[in-house]
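Dear colleague,

Please find below the structure that I am handing over to you. The notes after it set out what was found.

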Amino acid sequence: MMNRYVAALLLATLLLPALSAAQPQKKKDADTTANFNVTTDAALAAMRTKAQAMGISGVALVAYFEGETIQAWSSRMIVVGNYKVDPTGGDKGSNLLGIAYAKAAEMADTHKDSGSGIRPPMTGEFGWSGGVIAQTKGGYVIAAFSGGKSEDDVAISREGLAKLKSGL
């Protein structure tokens, strides 16, 4: 009976440091996630405000990835008015959500604003302006908008990027 108590005490003594070490990482991950959510909410709100002030509907997205070569990213998006333009007559319509993500995908590869022209667009890309990217201390932040003229999309995206850079 006494051996069970000694064994349990010894086991608890051995596990306690490992359990204690795990707690700060969980807190750090929770803090990082909370900071990402607050920062991206602010960036998307700024993009929505700018788009609405300009009378433009579309899709705003923001993303962050670590390192130089994208392996994963965290992103959020909002619809400002509508995410697509329905087909009419001879126009096949536009999937603004798809276009915004295509801009972001191009930037993730080139590390340049979308439509930079530093290389021909790959399949799945359009080469259209409207997304902006900036390097941060640990990776890259991206803001992209689709719905207006290219120069308007860029102006809206810059609003989001400014919030991302200041918060991440």
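A residue is called buried when its relative accessible area is under 20%, exposed when that area is over 50%, and partly exposed in between. By this definition strand β5 is mostly covered, since four of its five residues are buried. Please keep in mind throughout that the model is predicted.

The chain as a whole

The chain contains three helices and six strands. Their order along the sequence is α-β-β-β-β-α-β-β-α. Of the 168 residues in the chain, 32% are buried. The accessible surface amounts to about 10000 Å², and carbon and sulfur atoms account for 58% of it. If one takes the contacts between residues at least 6 apart in sequence, 58% of them join residues at least 24 apart.

Strands β5 and β6

Strand β5 covers residues 131-135, and strand β6 covers residues 139-146. The two strands pair in the antiparallel sense over five bridges. They form a hairpin, with three residues between them. Within this pairing, G131 stands opposite A144 of β6. In a regular strand, side chains alternate between the two faces of the sheet.

Aromatic pairs

Two aromatic pairs were found. A pair of aromatic rings is described by the distance of the centres and the angle of the planes. For F65 and Y140, the centres are 5.3 Å apart and the planes are at 25°. Planes under 30 degrees apart count as stacked, so this pair of F65 and Y140 is stacked. F65 belongs to strand β1 (residues 58-66) and Y140 to strand β6, so the pair ties together parts of the chain that are 75 residues apart in sequence. Are these two residues buried or exposed? F65 has a relative accessibility of 1% and counts as buried. Y140, with a relative accessible area of 6%, is buried as well.

The other pair consists of F126 and W128, which are stacked with 4.5 Å from centre to centre and 15° between the planes. F126 has 41% relative accessibility and is therefore partly exposed. W128 also has 41% relative accessibility, and it too counts as partly exposed.

Helix α3 and its link to helix α2

Helix α3 has 18 residues, from 150 to 167. At 1.5 Å a residue it should span 26 Å, and its end C-alpha atoms are 26 Å apart, so the two values agree. The buried residues of α3 are D152, D153, V154, I156, S157, G160, L161 and L164. When you look at such a list, it helps to recall that an α-helix has 3.6 residues a turn, so residues three or four places apart point the same way.

One residue in that list, D153, meets K103 in a salt bridge, with 3.0 Å from N to O. D153 lies in helix α3 and K103 in helix α2, so that the bridge links parts of the chain 50 residues apart. The relative accessible area of D153 is 2%, which makes D153 buried. K103, at 4% relative accessibility, is buried too.

A network of salt bridges

The structure holds five salt bridges. Which residues are linked in a network of salt bridges? They are D109, R119 and E125. D109 forms a salt bridge with R119, and the closest N and O atoms are 2.7 Å apart. Because D109 lies in helix α2 and R119 in the loop between α2 and β5, the pair ties together parts that are ten residues apart in sequence. E125 also forms a salt bridge with R119, and here too the closest N and O atoms are 2.7 Å apart. As for accessibility, D109 is partly exposed at 46%, R119 is partly exposed at 24%, and E125 counts as buried at 14%.

A residue with positive phi

Most residues other than glycine have a negative phi. H111 has a phi near 60°, a positive value in a residue other than glycine. H111 is located in the loop between α2 (96-110) and β5 (131-135). Its relative accessibility is 21%, so H111 counts as partly exposed.

Yours sincerely

Key
Residues are numbered from 1 along each chain as its sequence is written. This is a predicted model: local features need pLDDT of at least 70, side-chain atom pairs count only at pLDDT 80 or more; totals for chains, interfaces and linings use all residues. Side-chain values use heavy atoms; hydrogens and water are left out. Buried means under 20% relative accessible area, exposed over 50%, partly exposed in between (1.4 Å probe, protein chains only). Contact means heavy atoms within 4.5 Å. Accessible areas come from the Shrake-Rupley method with a 1.4 Å probe; for residues, only the protein chains shown count as cover. The expected span of a helix is 1.5 Å times one less than its number of residues. Rings of Phe, Tyr and Trp (its six-membered ring) pair if their centres lie within 6.5 Å; planes under 30 degrees apart count as stacked, over 60 as edge-to-face and the rest as tilted. A salt bridge is a side-chain nitrogen of Lys or Arg within 4 Å of a carboxyl oxygen of Asp or Glu. Two strands pair if DSSP finds at least two bridges between them.
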